[in-house]
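Biologist: Could you take a close look at one part of this model with me? I'd like to hear about a spot in the backbone and then the ligand's surroundings.

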Amino acid sequence: MMSSSPPERPNSPVFAPGALGPLALRNRIVKCGTNEGMARKGLVTERLVDWHRAFAEGGVAMTTLAYCAVSPEGRTFRDQVWMRKEASPGLADFAEAIHRAGARASIQLGHAGWFANPRATREKPLGPSRQFSMHAQAFSRAMTAADFGRLEHAFADAARLAVQCGFDAIEVHLGHGYLLSQFLSPYNNRRRDEYGGSLENRARFPRRVLAAVREAIGRDVALYPKLNMDDGFDGGLTLEEGVQVARWLEQDGTVDAIQLTGGHTTRTPMYLLRGDVPLRDMIADERDPIRRLGLRVFAPRMLKPYAFQEAFFLPQALEFRRAVRLPLMLLGGVTRLETMEHALEAGFDFVAVGRPLIHDPDWVRKLAAGETTSSPCTHCNRCIVEMERGGTRCVLDDPVATA
Ligand SMILES: Cc1cc2nc3c(=O)[nH]c(=O)nc-3n(C[C@H](O)[C@H](O)[C@H](O)COP(=O)(O)O)c2cc1C
């Protein structure tokens with residue numbers, strides 16, 4: 001008699017263990033950082049731990065605590081986690097819960113630089129150059145020599161703290177137009193000193209930060225940047241430049257892998273997501289009437305839509321695969337098991353997944369058990385708006401939200 005239980009997929013390379021530097025990961029699927037909106041007063045909450053525990057119990061090899069600011073002035077949200085001693089107990093609870101469920105814990109460390117939110121930080125944003133940011137509604141201050149030293153240490157201290165709390169991997173944000181990506185991008189970096197101008201100069205501070213982080217954490221913890229392959233607009237970081245940065249990172253020997261992304265939060269936010277622009281929800285949520293008007297007028301131009309395509313970053317990522325031997329994580333629009341298998345065949349070592357797991361934290365287990373082969377996520381991107389409505393979640397199965 002034929003068994004009615006679905007076929008398991010023990011032979012799929014997706015479910016074979018893989019090495020991320022010193023770490024053994026149980027399979028090739030990593031939950032990427034997706035801001036949860038569940039931290040309070042800059043601290044990890046029980047709800048935030050529970051949210052990630054579900055991914056770990058659902059089978060991912062590693063889950064990533066999203067964007068934790070290395071210093072308070074690097075925040076974009078008042079409540080988001082920022083790395084300091086008081087955050088230790090919550091961070092340790094997080095790592096322990098993930099380990100208990102058999103997965104690895106990664107933490108994304110970043111600084112918003114030029115578009116940090118002065119309403120949250122009560123400080124003037126700082127960046128590579130003085131520049132007006134619509135996001136921050138403020139001019140940034142160009143970083144001084146003292147800022148370089150302080151922030152390099154802030155990244156290193158934050159990484160050390162995360163490791164002391166039990167994290168297995170450190171993800172440093174070099175993408176999406178955050179501070180270190182602002183250095184790489186000619187759009188934000190107009191400096192004339194050794195940190196601006198040529199690509200080599202623009203890459204100097206990000207490389208210095210990665211070296212300092214490696215020095216702080218040693219070789220028993222995995223370190224990888226989430227790196228922009230390109231910014232997605234004329235005047236930003238180009239693909240050719242992104243590939244060169246990856247070559248330098250390989251030469252530096254500081255990182256164990258690279259997670260590949262693209263886009264710039266303030267210029268091409270939909271380039272990094274693709275799919276629908278959740279504009280109606282965004283306008284409805286804005287309480288400040290001036291900002292609401294600003295959204296109505298400017299957002300349609302600032303939120304240029306990009307059609308969703310399966311594995312939408314694959315063409316650029318293949319250029320990186322050809323250029324470096326470092327392990328690479330393919331990210332962006334991976335919604336099918338066969339895409340993951342093709343990615344591994346093409347030489348990628350891991351896939352990083354966001355929205356399909358927000359929709360169903362049990363997705364990996366279901367893929368492995370043969371219960372499904374793809375995600376029903378529609379890339380409506382309303383999960384992003386939910387982040388500020390109390391916590392990131394999928395609205396697809398919510399009859400009220402989708403009415
Ligand atoms: C709700 C939400 C929040 C996100 N927050 C972050 C973040 O904090 N840091 C980051 O680097 N990327 C963030 N992203 C981008 C994702 O990490 C990822 O790059 C993007 O969603 C594409 O992957 P996917 O197609 O698998 O969702 C976020 C995406 C979503 C949907």
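Where is the place of Asn-381?

Modeller: Keep in mind that this is a predicted model. Asn-381 has its place in the loop between helix H14, residues 363-369, and H15. Take a look at its backbone: phi is near 65°, a positive value, and the residue is something other than glycine. Asn-381 is also buried, because 24 other C-beta atoms lie within 10 Å, and 20 or more is what it takes to be called buried.

Now go on to helix H15, which covers residues 382-387. H15 gives the most to the shell around the ligand, namely three residues. Strand E4, at 62-69, joins helix H15 as an element that gives two or more residues to this shell. There are 24 residues around the ligand, and the ones that come nearest are Thr-34, Asn-35, Ala-66, Gly-354 and Arg-355. What kinds of residues make up the shell? They divide into 11 nonpolar, 11 polar and two charged.

Back to the backbone, there's another residue to put beside Asn-381. His-176 isn't a glycine, yet its phi is positive, at about 60°. You'll find His-176 in the loop between strand E10, residues 169-174, and helix H5, residues 179-184. His-176 counts as buried because it has 23 C-beta neighbours inside 10 Å. So, to put the two side by side: Asn-381 is buried, and His-176 counts as buried.

How values were computed. Residues numbered from 1 in each chain as written. Predicted model: local features only at pLDDT ≥ 70, side-chain atom pairs only at ≥ 80, totals over all residues. Near = placed C-beta within 6 Å. Helix = DSSP H or I, 4+ residues; strand = E, 2+ residues; numbered from the N terminus. Nonpolar A, V, L, I, M, F, W, Y, C, P; charged D, E, K, R; others polar. Buried ≥ 20, exposed ≤ 12 C-beta atoms within 10 Å, placed from the backbone.
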